[in-house]
Amino acid sequence: MSSLDSSFLYLEDRTTPMHVGSVLIFSQADDGFDYDRLVSLVTSRIAYVPRYRQRVREMPGGLLNPVWVDDPEFDVTYHVRRSALPRPGTMAQLEEFVGRIEARGLDRHRPLWEIYLVEGLQDGRFAIVTKTHQALVDGVHAIDIGQVIVDADADSGAPVPYTWRAEREPSSVELVAHAAFDAVRRPTSLVGTVRSGVRDTGRIASRIASRVGGVVQTVARSAALPAPASPLNREVGAHRRFVMVSTDLKDYQRIRRRVSKSRGAVDVTVHDVILATITGGLRSWLLTRGESMTTGESIRAMVPVSTQVDGAEGGAGNVTPCFVDLPVGEARPTMRLHQVAYSMQQQIERGQGVGASTLAGIAGFAPPTLHSLGARLGSAMSRRMFNLVVTNVPGPQQPLYAADALMTASHPVIPLAKGQALAIGLTSYDGGVYFGLNADRDAMPDVDVLGQCLVDALEELREDKEVLA
């Protein structure tokens, strides 16, 4: 296991589980979709993600990072679970279920993933809820179990033959021998994985400075301007609330086109419109709480941005973390949009973001995938550097199916960082933009109000006279 992946295990505690999730909602299949069918689908497709049959094995004495070993007692029915909502099966009931399920940590003695079939949704629908530990998801070729159970074709085709057999698990003596050999072959790896060295701030700073000066400059620049005080920064507990918001991608595209036609306008992207919507939603939510709101009031968001890599095979991208001060004190919707767009453009053009490929080589910093990046940067320093994480992952714009059941929505679940009561994830899929608001249960009992404020903020942007001019 790499130092980057093992760091997720070290960061995890009772109140901050380090797994990402998703809530996939489906219309009922013509011939039905039940638990046995989901088990069959996962059993067939798990051949594409062999690590999902492996568990974590700690190295004796902590000499090196943990390793992945085949689980000889792997039982797919332990990981694929079944639940149902009581009548009437509303979305609020599903949100409560997701909040409770996603707050629970994964069993370290088994492969680090779970998937739930949730039946009983209104209108004959059902949901599939996934949980995947971030140590399990490779940062370069990230594959989540939720990705392999859906397909662009309603006909899933012939199942993949299940021929897997667990390899013999190495003994402690073999693991120690392997660690010794690895230390001789790559002596720097041993030094880099000693946790006491990772905790030594001076040595970390020296090592980083010698390897990637740009990282130091970016982190120092952000840390030098502390994030503003916000009710979003609280000690988090072990329980969560989760809210789903569904919007139309065309609304963001129309706003972008109208703003782009105005004179002297900054080049505005759909991503900018989404961030401006979040800004407006946060502003309204703060006002419902009676928070004072001055013109210069802001909330700093850490926004991972995917950037295209020239010549990358298969269109692979880089991930750049941007720190954006969302102008919640600005009353005019279009002005908020211009300010967000300008801030994003300035950061990207000036190269203030640090590419994930650079961060991936340094323990204690961010991993190279969007969701993992958001959670990884949520460390002990997060309360000083930013107030919340916002991840936006573009999804396919064509329908997807689990067997022959049509997926109608996909809401991400982003883990909370220490000291941060809210994480916002969103993804676009088949003409929609779907938000997942994951919040601390005690700090944000009104997270449903924020969900409605996001819908209202989008409508406010759509009807703003400055946009329509």
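This report covers a six-strand sheet, a pair of packed helices and the cysteines of one model.

The model is predicted: local features need pLDDT of at least 70, side-chain atom pairs count only at pLDDT 80 or more, and totals for chains, interfaces and linings use all residues. Residues are numbered from 1 along each chain as its sequence is written, and side-chain values use heavy atoms, with hydrogens and water left out.

**The sheet**

Helices (H or I, at least four residues) and strands (E, at least two) are DSSP runs, numbered from the N terminus. Six strands form an open sheet in the order E4-E5-E6-E1-E12-E11. Their pairing is mixed. Two strands pair if DSSP finds at least two bridges between them. E4 (80-84) and E11 (401-402) are the edge strands, each pairing on one side only. Helix H2 (residues 35-45) packs on the sheet and touches E4, E5 (113-119), E6 (126-133) and E11. Contact here means heavy atoms within 4.5 Å. The direction of H2 makes about 155° with that of E4.

Strand E1 (residues 19-26) pairs antiparallel with E12 (residues 405-413) over six bridges. E1 and E6 also run antiparallel, joined by eight bridges. Some facing residues are listed here.

| Residue in E1 | Opposite residue |
|---|---|
| Gly-21 | Lys-131 in E6 |
| Ile-25 | Ala-409 in E12 |
| Phe-26 | Met-407 in E12 |

How many residues of E1 are buried? Eight of the eight are, so E1 is largely enclosed by the rest of the structure. Buried means under 20% relative accessible area, exposed over 50%, and partly exposed in between (1.4 Å probe, protein chains only). His-19, Gly-21, Val-23 and Ile-25 point one way from E1. Val-20, Ser-22, Leu-24 and Phe-26 point the other way.

**Two packed helices**

Two packed helices are described by the angle between their axes and the distance between the axes. H11 (residues 249-260) packs against H12 (residues 270-288) at about 105°, with axes 9 Å apart. That makes H11 roughly perpendicular to H12 (65 to 115 degrees). Axes are lines fitted to C-alpha atoms, for helices over the stretch in contact, and angles run from 0 to 180 degrees between N-to-C directions. Leu-249, Tyr-252, Gln-253, Ile-255 and Arg-256 in H11 meet Val-270, Val-273, Ile-274 and Thr-277 in H12. By class, this contact has six nonpolar, two polar and one charged residues.

**Cysteines**

A disulfide is a pair of cysteine sulfur atoms within 2.5 Å. The count comes to zero disulfides. Cys-322 has 0% relative accessibility and counts as buried. Cys-453, at 6%, counts as buried.

Conventions. Parallel < 35°, antiparallel > 145°, perpendicular 65-115°, else oblique. Nonpolar A, V, L, I, M, F, W, Y, C, P; charged D, E, K, R; others polar.
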